[in-house]
Amino acid sequence: MKLAERMSRLGTETAFDVLVRARALEAQGRKVIHLEIGEPDFATPRHIIEAAKKALDEGWTHYGPAQGFPDLREAIADYVSRTRSIRVGPDHVAVVPGGKPILFFPMLALLEPGDEVLYPNPGFPIYESMIRFLGAVPVPLPLMEERGFALDLDLLRDRLSERTRLLILNSPHNPTGGVLSRADVEAIADMVRDRDLMVLSDEIYSRIYYDEPPFSIASLPGMLEKTIILDGFSKTYAMTGWRIGYGVMPTWLVAAVNRLMVNSNSCTASFTQRAALAALTGPQDDADRMVAEFRRRRDAFCDALNALPGLRCARPQGAFYAFPNIRDTGFSSGELADRLLEEAGVACLSGTAFGAYGEGYLRFSYANSYENLIEAVERIAAFLDRARLSLAAKG
Ligand code: PLP
């Protein structure tokens with residue numbers, strides 16, 4: 001028996017592979033600094049954990065509605081309406097196990113083979129994986145480092161076609177930490193407003209920003225009815241392992257997502273939904289403290305990287321990733337990432353883990369302690385020194 005052909009088109013997330021390799025080195029007694037995985041290193045805030053425990057004691061251990069409990073959807077609708085200056089109700093909300101299903105289900109529901117999908121490259125690898133899996137055509141949108149990794153709007157205009165069915169935006173952006181400016185979002189909306197396509201706006205990092213708050217395309221006139229907002233609890237409340245997220249979208253698409261939920265998960269875990277309700281309606285100071293700490297680490301880490309010869313690191317405006325340009329080191333991204341893991345004990349990702357346009361970059365997650373981040377830069381500096389010396393000796 002062999003796997004279906006479509007499985008050959010399904011990609012993966014390299015971060016999990018690098019984690020396995022790093023753990024294997026640790027098993028041999030090596031110390032590895034983990035800057036590969038994209039999850040906050042903080043504990044889930046206490047009151048959220050208490051809400052989950054209470055929910056278990058109260059018997060929230062059964063199936064719930066496929067779309068999510070009405071009171072949680074109401075709270076999400078209020079929150080999204082407030083933060084995006086729009087008006088949506090609980091009928092526009094689908095609660096699902098994580099942010100990822102809001103990539104999987106709407107794409108499954110919307111795309112036919114041959115449809116074109118525009119997506120940022122470098123970008124979250126699941127976009128391209130899903131596009132290919134569904135037989136749709138990936139149309140990459142390279143990002144411009146010199147403009148804080150913004151989209152090239154002229155290129156976007158050129159690449160929009162009669163076959164474009166979906167445009168994926170992600171701001172704050174993984175892996176670059178870029179945040180789209182309001183002016184750029186307005187220009188993008190003007191390009192797509194009258195086209196027969198949907199926009200999937202991945203806003204999973206919506207609360208992790210360091211300057212202006214990110215601006216959602218859904219806020220603009222005429223865009224709400226053609227936008228799917230992806231958001232969730234994983235990053236904002238350090239709840240990656242709880243598996244809960246949501247989408248906000250037109251009701252006709254919610255109905256399709258519900259049907260896919262019934263066919264796959266039945267529903268999102270009931271007690272997890274009670275914890276999510278506590279997260280949204282309870283105190284927000286833990287979430288705010290986390291962002292303040294990310295900012296402190298970002299400043300120190302980027303400054304230290306910029307002091308290394310051959311590295312140039314634009315200051316991320318959101319999320320918790322640094323994406324330095326490493327071209328002047330003379331290494332390819334893949335080789336440098338491999339050698340930093342093997343020879344310096346620093347686990348990071350090659351920019352190419354996020355698509356072909358990631359060549360020339362590395363991605364470091366600064367969801368690790370301040371001290372470990374500084375030690376990581378010292379190790380990278382020592383590695384680059386050794387590499388230069390050995391090159392000079394050969395040359
Ligand atoms: N979108 C982006 C850009 C991400 O970086 C991630 C997680 O790394 C997700 C979506 C998925 O989030 P979740 O863990 O809630 O499924």
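**Close-up views of the ligand site**

**View 1. The ligand sits in the largest pocket.** The model is predicted. Around the ligand are 13 residues. Gly99, Asp202, Tyr205, Ser234 and Lys235 are the closest of them.

**View 2. The shell around the ligand mixes three residue classes.** Four of its residues are nonpolar. Five are polar, and four are charged.

**View 3. Ser234 and Lys235 each place a side-chain atom by a ligand oxygen.** For Ser234, a polar side-chain atom is 2.6 Å from an oxygen atom of the ligand. For Lys235, the separation between a side-chain N or O atom and an oxygen atom of the ligand is 2.7 Å. Both residues also belong to the closest group around the ligand.

**View 4. Asn174 also contacts the ligand through its side chain.** Here an N or O atom of the Asn174 side chain lies 2.8 Å from a ligand oxygen atom. How much of the ligand's accessible area does the protein cover? On its own, the ligand has 390 Å² of accessible area, and the protein covers 94% of that.

**View 5. The protein chain that holds the site combines helices and strands.** The chain has twelve helices and 13 strands. Along the principal axes, its C-alpha atoms fill a box of roughly 65 × 55 × 55 Å. The radius of gyration of the protein chain is 21 Å. This agrees with a compact globule, because one with 395 residues would have a value near 21 Å.

Definitions and conventions:
Residues are numbered from 1 along each chain as its sequence is written. This is a predicted model: local features need pLDDT of at least 70, side-chain atom pairs count only at pLDDT 80 or more; totals for chains, interfaces and linings use all residues. Side-chain values use heavy atoms; hydrogens and water are left out. A residue is near a molecule or strand if one of its heavy atoms lies within 4 Å of it. A polar contact is a pair of N or O atoms within 3.5 Å; within protein, one must be able to donate a hydrogen and the other to accept it, and residues adjacent in sequence count only if both atoms are side-chain atoms. Accessible areas come from the Shrake-Rupley method with a 1.4 Å probe; for residues, only the protein chains shown count as cover. On a 1 Å grid over the protein atoms alone, a cavity is a set of points where a 1.4 Å probe fits but cannot get out, and a pocket is an open set with protein on both sides within 12 Å along at least five of seven lines; lining residues have an atom within 4 Å of a point. A molecule sits in a cavity or pocket if more than half of its atoms lie within 2 Å of its grid points. Ala, Val, Leu, Ile, Met, Phe, Trp, Tyr, Cys and Pro count as nonpolar, Asp, Glu, Lys and Arg as charged, and the others, Gly among them, as polar. Helices (H or I, at least four residues) and strands (E, at least two) are DSSP runs, numbered from the N terminus. The radius of gyration is taken over C-alpha atoms; the globule rule is 2.2 Å times the number of residues to the power 0.38.
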